[in-house]
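Colleague: I have just opened this one and would like a walk through it. Could you take my questions as they come?

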Amino acid sequence: MLAEIFAIVIFLAMFVLIVWDRFPKHYVTLGCAALTSIFVFGIGMRDAHAFVNTLAFKNIFKTSFWYSAGEAAEQTSGINWATIIFLWGMMVMVEGMAAAGFFDWLCLKIAKLANFEPRKIFVAFMVLSSVLAMFIDSITVILFLAAVTIRLARTLKFNPVPVIMAEIFCANLGGSATMCGDPPNIIIGTSLGYSFADFVMNTGALAAVSLVIIIIYFYFTMRNRLQNPADKVDPSTIDVDIKINDKKMFFWSVVIFAIAVGLLITHAMTGLTVAFIGVFVAIITLCAGRKRFKELITRVDYETLFFFIGLFVVVGGLEETGVLVTIANVIAKISGGNAHVMIAIILWVSAVASAFIDNIPFSATMIPVINALAQTTGVDLSTMAWTLAVGTDIGGSMTPIGASANVVGISTAGKEGYPISWATYCKELVPGTIIVIVVSMLNIYLRYL
Amino acid sequence: MGQFIISVGREYGSGGHYIASILAERFNVPMYDRNMLDQWAEKNGIDAENLYKHEEMKRQGLHRTVRGHSSSVQDSIAQLQFNFIREKAASGESFVVVGRCAENVLRDNPALISIFVRGEEDAKVERISRLYKLNKLEAKAKMFRHDKKRKAYHNYYSKMKWGDSRGYDFCVNSSLMGVEATAEGLYHLISEYLKEKEK
C-alpha cells in the first residue's frame with residue numbers, strides 16, 4: 001500500500017510541476033524518476049527486479065529490439081528505449097533538413113504555386129502542415145511554417161494569425177495520422193506492437209476525413225478575416241527569394257527523408273524496428289552532413305529525450321504497483337462493460353486532459369490502462385489504441401498549452417508582433433477541436449463497433 | 001564621446017520617466033520607453049495597439065514552455081522588447097531606456113549606466129494626484145498597483161531584484177531634491193563619469 005501511495009503522490013507532483021512550468025520539464029521528470037526509484041521501488045516495494053524491469057536496459061541488447069519478424073509488442077513497460085532512440089534519429093534527420101534550407105524552400109515554393117494568393121496559401125499551408133507533420137515532429141513543422149507565413153503576410157499584407165492557428169491545428173491533426181507523427185503514437189505503436197501501416201489504415205483514415213471537414217470549416221469561418229480587400233497586392237509584383245542554402249546537403253536531406261519514409265512505411269514487412277530506422281537515418285544524415293557533424297549532434301533536443309526517460313520511470317512506478325490496473329477497473333465499472341461508453345470515455349477524457357496537460361505523460365499512463373481494460377472487458381485493444389491516439393493528439397489543439405506545436409506557433413507569432421491570447425486562440429480552435437472529436441467518435445463507432 | 005546607454009528603473013510616481021526624458025534631452029540622444037513598440041510596429045507594418053496591453057507585465061495565467069518558446073503573450077512581447085534593446089545597443093547607438101529590465105538585458109554591456117529612481121510615498125502620491133487629477137486615496141491605490149506590477153515583471157525576467165541597489169550603478173531618491181534637480185544632478189554625475197571614461 002505504501003508503494004502505491006508513493007507512486008501516486010510522485011506522479012501527481014510531477015504533473016503539477018509540469019503544468020506549473022516553473023522548472024525545466026526534464027528536471028521535473030528526472031527528479032520524480034529518482035524519487036520513484038528510491039521511494040516506490042526501494043522503500044515501498046523493496047523490489048530490485050521491478051526497478052531493473054523499469055529501466056529496461058537489457059531490451060536494447062536483444063536482437064528483437066532492432067529486428068523483429070512479425071508484429072510482436074516491442075516493449076510493454078518501463079523506459080521505452082525504442083521511442084527515445086527513434087526520436088533521436090528523427091531529430092538528427094530534421095536538423096539536417098533544416099540546415100539545408102529544405103523547409104523554407106518547400107513553404108515558399110508552395111506559396112508561389114498558390115500564386116501568392118492569401119486564401120490559396122491559407123488552404124495550401126493547412127494541407128502542407130498536415131502532410132509534413134505525418135513524418136516530422138510538429139514543433140519543427142510549425143517553427144518553419146509560422147515563420148514563412150509571417151514573412152509572406154508582411155509582403156502580401158494579410159493577417160497571419162488565422163493562418164498560423166489553422167496550421168497549428170492541422171499539424172496536430174496530421175501528427176495523429178501516422179505512427180511517427182506525434183510522440184503518443186510512437187509510444188502507443190512501440191508499446192503495443194502496431195506498425196506504421198496499422199496507424200495509416202486506422203488513425204490515418206480518421207485524420208483524412210477530419211482534415212477535409214476542418215479545412216472547409218476554417219476556410220468558411222476565417223477567410224474574411226485574412227485580408228482587407230484594399231490591401232490586396234498584385235502577385236506579379238512579389239519578389240520572394242526562394243533559395244537553397246546548401247545544394248549538396250539539400251539533395252541528401254531529400255534523399256534521406258525519402259529513405260526514412262520508405263523504411264517507416266515498410267517496417268512491418270522488412271522487420272526493421274523504429275529504433276533501427278532512427279539510428280540508420282541518423283547515421284546517414286551525419287555521414288552526408290559530416291562537415292556539420294557537431295552542429296547536427298548538439299542541436300538535438302536532448303531535454304525532451306531526458307524528459308521521456310524520467311517520465312517512463314515514473315509511469316513504470318505506477319504500473320509496477322498496480323495503480324493503473326485499478327484505474328482500468330474504475331473505467332470498466334463506470335462504462336458497465338459497454339464498448340461505446342468506454343470508447344467515449346477514453347476519447348473525451350484523453351482530449352480534455354490533453355488540452356491542459358502534456359499528452360505524452362497522459363498517453364504513456366493510459367497505455368497500460370487500455371491494455372488492462374482489453375483483458376478484463378474483452379473490448380478490442382486496437383480500437384482503444386486508435387481512440388487514445390486520436391484523443392490525445394487532437395485534444396491538444398484545444399488550448400494554447402495543449403501541444404508543443406501550439407506553444408511554438410503562438411510564440412513565433414508573438415515575437416513578431418502578432419500576439420495570440422487565450423481568448424483569440426480558444427475562440428477559433430475549441431469549436432474546431434470539438435467538431436473533429438465528434439466526427440472521429442462517430443467514425444470509430446461506425447467502423448469498429 | 002563613445003557609446004553610452006542609460007537605463008532608468010523607477011517607482012511609480014517617482015518622476016523616473018521624466019528624469020529619463022531630461023537626460024535624453026541633455027545628452028541629445030533618443031529615449032526609448034513604450035515608443036519602442038511603435039517604432040517596431042511601424043517598421044513591420046503592424047498595429048502597436050495590440051501590443052501595449054501586454055507590455056511590462058509578468059506572464060499571466062496558464063502557460064507552457066517548449067524548447068525556449070513560451071505560450072505566454074507577455075513573454076513574447078517582453079522578448080520582442082529585449083531584442084529591440086539588444087539590437088539598438090549592438091548598433092552602437094547611444095540612448096536612454098526606461099524600464100523594460102534594460103539594466104538586466106544589457107548587464108554585460110560596458111556602455112551601460114544603470115539608474116534606479118525611488119521616492120518618498122507622500123511625494124509620489126502628491127505627484128500622481130496632481131498629474132492624473134486623482135484624490136490621495138486613488139493615487140495611492142494606483143501607485144501600489146503599478147509598483148506591484150512592475151516589481152513582478154522585473155523580478156520575473158531579471159537576475160537582480162527590482163530596486164535592489166546591488167543591481168544598479170546609481171540609486172537615487174527623487175523626493176530629496178525634487179525631480180528636475182535630481183535629473184540635473186544625475187546629468188552632471190554621468191557627464192563626469194563619461195569624461196573620466198574617455199581619458
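Colleague: Which residues in α1(B) are buried?

Modeller: This is a predicted model, and in it the buried residues of α1(B) are Gly16(B), Tyr18(B), Ile19(B), Ala20(B), Leu23(B) and Ala24(B). As general background, an α-helix has 3.6 residues a turn, so residues three or four places apart point the same way.

Colleague: And what covers them?

Modeller: The cover over the buried residues of α1(B) includes the strands β1 (5–10), β2 (31–32), β5 (95–98) and β6 (112–118), together with the helices α8 (174–177) and α9 (179–198), which belong to chain B as well.

Colleague: How does the span of that helix work out against its 12 residues?

Modeller: Helix α1 of chain B runs over residues 16–27, and at 1.5 Å a residue it should span 16 Å; its end C-alpha atoms are 16 Å apart, so the two values agree. Just after α1(B) comes Asn28(B), which takes a positive phi of about 60°.

Colleague: Zooming out, how many helices and strands are there in chain B?

Modeller: Chain B has nine helices and seven strands. Its radius of gyration is 17 Å, close to the 16 Å from the globule rule for 199 residues, so chain B is as compact as a globular protein of that length. Of those 199 residues, 39% count as buried, and among contacts between residues at least 6 apart in sequence, 64% join residues at least 24 apart.

Colleague: What confidence does the predictor give?

Modeller: For chain B the mean pLDDT is 91, with 100% of its residues at 70 or more, while the complex is given an ipTM of 0.79 and a pTM of 0.85.

Colleague: Switching to the two chains together, how many residues are in contact?

Modeller: On one side there are 20 residues of chain A, and they are in contact with 23 residues of chain B. The elements of chain A that give two or more residues to its side are α9 (138–156) and α22 (404–415), and α22(A) gives the most, with eight residues. The chain A side divides into 10 nonpolar, six polar and four charged residues.

Colleague: Take Asn406(A) then: is it buried or exposed?

Modeller: Asn406(A), which lies in helix α22 of chain A, is buried, because 31 other C-beta atoms lie within 10 Å and the cut-off for buried is 20 or more.

Colleague: What does Asn406(A) touch?

Modeller: Leaving aside residues up to four places away in sequence, Asn406(A) touches Ile168(A), Ser397(A), Pro400(A) and Ile401(A), and also Ser71(B). Asn406(A) and Asn172(A) are 234 residues apart in sequence, yet their C-alpha atoms are 8.7 Å apart in space.

Definitions and conventions: Residues numbered from 1 in each chain as written. Chains lettered and ligands numbered in written order. Predicted model: local features only at pLDDT ≥ 70, side-chain atom pairs only at ≥ 80, totals over all residues. Helix = DSSP H or I, 4+ residues; strand = E, 2+ residues; numbered from the N terminus. Rg over C-alpha atoms; globule rule 2.2 N^0.38 Å. Buried ≥ 20, exposed ≤ 12 C-beta atoms within 10 Å, placed from the backbone. Contact = placed C-beta atoms within 7 Å. Nonpolar A, V, L, I, M, F, W, Y, C, P; charged D, E, K, R; others polar. Expected span 1.5 Å × (residues − 1). pLDDT = per-residue confidence, 0-100.
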